[in-house]
Amino acid sequence: MDVKKYIDEEVKFDNLSRKETYWAKKRFKDYISQYSIEKLGELQLLEELCYRKALQTRDKQRLAQIEKTGETKKGFIPDKILKRMEDNDKMIIDIMDKLGFFEKDEKKSVWERILILGEKFKIWRNENQASRELVCVAKDTEVLYSDFTSKPIQEVKAGDEILGIQKTKNSGLLVKKQKVLKTFDNGKKEVLRLRTDRNRELICTPDHRIFAHYKAKNSISTTQAFTKAEDSILRYLKGFNYIRNLHKYYEGVLLGFIESDGWKIKPKNKNNPSWNFTVRYSISQSKQGESKALDWILKYLRIKHYKKFRKRGWGNGAYRYDISTEHSDYITQIKEKLFKDDDIALGFLAGFILGDGYLDKNGNCHISQKNKIDLLLEVFNYLHLWYSVSKNVSGSKCHMYCLKRQIPLLIPDSRKSKTFLNKIFSNGSHKVKERVVSIELLKESHRVYDLQTELKNYIANGIIVHNCPFCSKTILLNIRADKYDAHKHPFFQDKYLGNKHLWECYKAGKLEKMDVAKILHGWDSDTVKSGDYVDWLEKKIFKDNEQRKES
């Protein structure tokens, strides 16, 4: 991993002053120079350590100030300060122990070192059983695909094309397509439910990292980074809407066309007013508008209709679509489901945008309307959408609603849909935010899954989440000492450690070949049985070291 890039882009210290942040970053770099720290999990632990050290210094300065000014009665220190300092000190000791900063004894035998590694593994295993390391999301979490549809995470397969995000230089988010490299089923784990102010939910393990903002009080700028779900309360997220069922979405699009650029007629007979005629729906679309998209929707839904071009109409004329009355009940049923199904509601707004809306140069969606304002507001509120409104535009009673990029436009043969997709994949701006308003630890364990992706993140239930930092890597529990050297390893995706002292014991005949393989590689591997691992160590590491010494 590029440590320098991680320091520049990822290391942020929230709630610290500018001076404290400078000190914490300096301390972070000092640790990097003293120890071989390259893995994401260890870098995150080190970041937390430096943050805790800064708080420790702050508390010490506060104590010195209290003693100097005599704020406390008879020299007693407030219990809340002592408790906070005690908890913080415990955290510092625990993190330093996990990073191996305390083990400086170079005289320990190889067997003592193996025992230490064994104890570390027990701690790691116990923490995993509590879902504190294998960070995952729950079964049925919807993963956003590259076409803005979704699938439950347990149905996602390696090779599928999904969406992720990439930070831009100006801190915007560029939506990118990526491949799923691996999928993981991690069994049942302890989970929490995270909910935003726009009613979006995510069930995941407490340590799963989500992309969130934090804005300090009286501060203009915000800090954005991947944060533990359990620590994300009151932070802001970037939300993405998605389609679970494309058929229902297209039904909603048809309804949106009818409500924006259409009308309904219920014929009457003057001589027989009691006769009940079927409602007939019609739609008008200009050549310059979205007639091709409407043609596609009607064909997809197998809607019988009569299409005729009329010169009298918007601009240079328009097409009139008269829908067969045999579909009238079907359209009425779609309307009845408008406030019961999110896919139909999103499709409805997409159709409305194609009919009575436009996209600005950044791909943001706008709707202009004066007759269906109440209906639009009902749909906005049902979907918990953000919107801004400009009333009485140009002196008329028309209202202009801006929805940013919250409505996926996925209609084939649509000019506006094409513009929307081009902008969302080329413009890093995504300004709609949602705030985490509740976090609830669930009593029952849930089956959890995770993905390994090219961008190291993906979008789950519309929320940007990070890859599991451990699922795709070999478990590496090392003791930091000078005689451990990191080398690229063909049997693993990451780096591994060659133990010089252990190798000397093997060469002296104190250990058998299979003992070395089991100690450094594990008991249940085909590599152990073949002995290839030890042969590789001898050929690529230790012989190379001897040759360098001779030269």
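Of the chain's 551 residues, 47% count as buried (under 20% relative accessible area, with exposed over 50% and partly exposed in between, using a 1.4 Å probe and protein chains only). This is a predicted model, so local features need pLDDT of at least 70 and side-chain atom pairs pLDDT 80 or more, while totals for chains, interfaces and linings use all residues. Residues are numbered from 1 along each chain as its sequence is written, and side-chain values use heavy atoms, leaving out hydrogens and water.

**Exercise 1. Work out which residues of strand β6 sit on its covered face and which on its uncovered one.**

Step 1: find β6 at residues 192-196. Strands here are DSSP runs of E with at least two residues, and helices are runs of H or I with at least four, both numbered from the N terminus.

Step 2: recall that side chains in a regular strand alternate between the two faces of the sheet.

Step 3: sort them. Leu192, Leu194 and Thr196 make up the covered face, while Arg193 and Arg195 are on the uncovered one.

**Exercise 2. Find the strands that β6 pairs with, and a bridge partner in each.**

Step 1: pairing takes at least two bridges found by DSSP between two strands.

Step 2: β7 (residues 201-204) qualifies, running antiparallel to β6 over four bridges. Leu192 stands opposite Cys204 there. Four residues lie between the strands of this hairpin, and Asn199 takes a positive phi near 65°.

Step 3: β19 (residues 433-441) is joined to β6 by five bridges, again antiparallel. Here Thr196 has Val436 as its bridge partner.

**Exercise 3. Explain why Cys204 has no disulfide bond to its closest cysteine.**

Step 1: a disulfide is a pair of cysteine sulfur atoms within 2.5 Å.

Step 2: the closest cysteine sulfur to that of Cys204 belongs to Cys136 and is 9.5 Å away, so it's too far for a bond.

Step 3: check the whole structure, which holds zero disulfides. As for its setting, Cys204 is buried at 0% relative accessible area.

**Exercise 4. Lay out the sheet that contains β15 and place the helices on it.**

Step 1: four strands go in the order β15-β16-β18-β17, with antiparallel pairing in an open sheet. The edges are β15 (357-359) and β17 (388-390), each pairing on one side only.

Step 2: look at a pair. Three bridges link β15 to β16 (residues 365-369), and Gly357 is partnered by Ile367.

Step 3: add the helices. α9 (residues 342-356) lies across β15 and β16, at about 70° to β16; α10 (residues 373-382) lies across β16 and β18 (399-404), at about 20° to β18. Contact means heavy atoms within 4.5 Å; axes are lines fitted to C-alpha atoms, for helices over the stretch in contact, with angles from 0 to 180 degrees between N-to-C directions.
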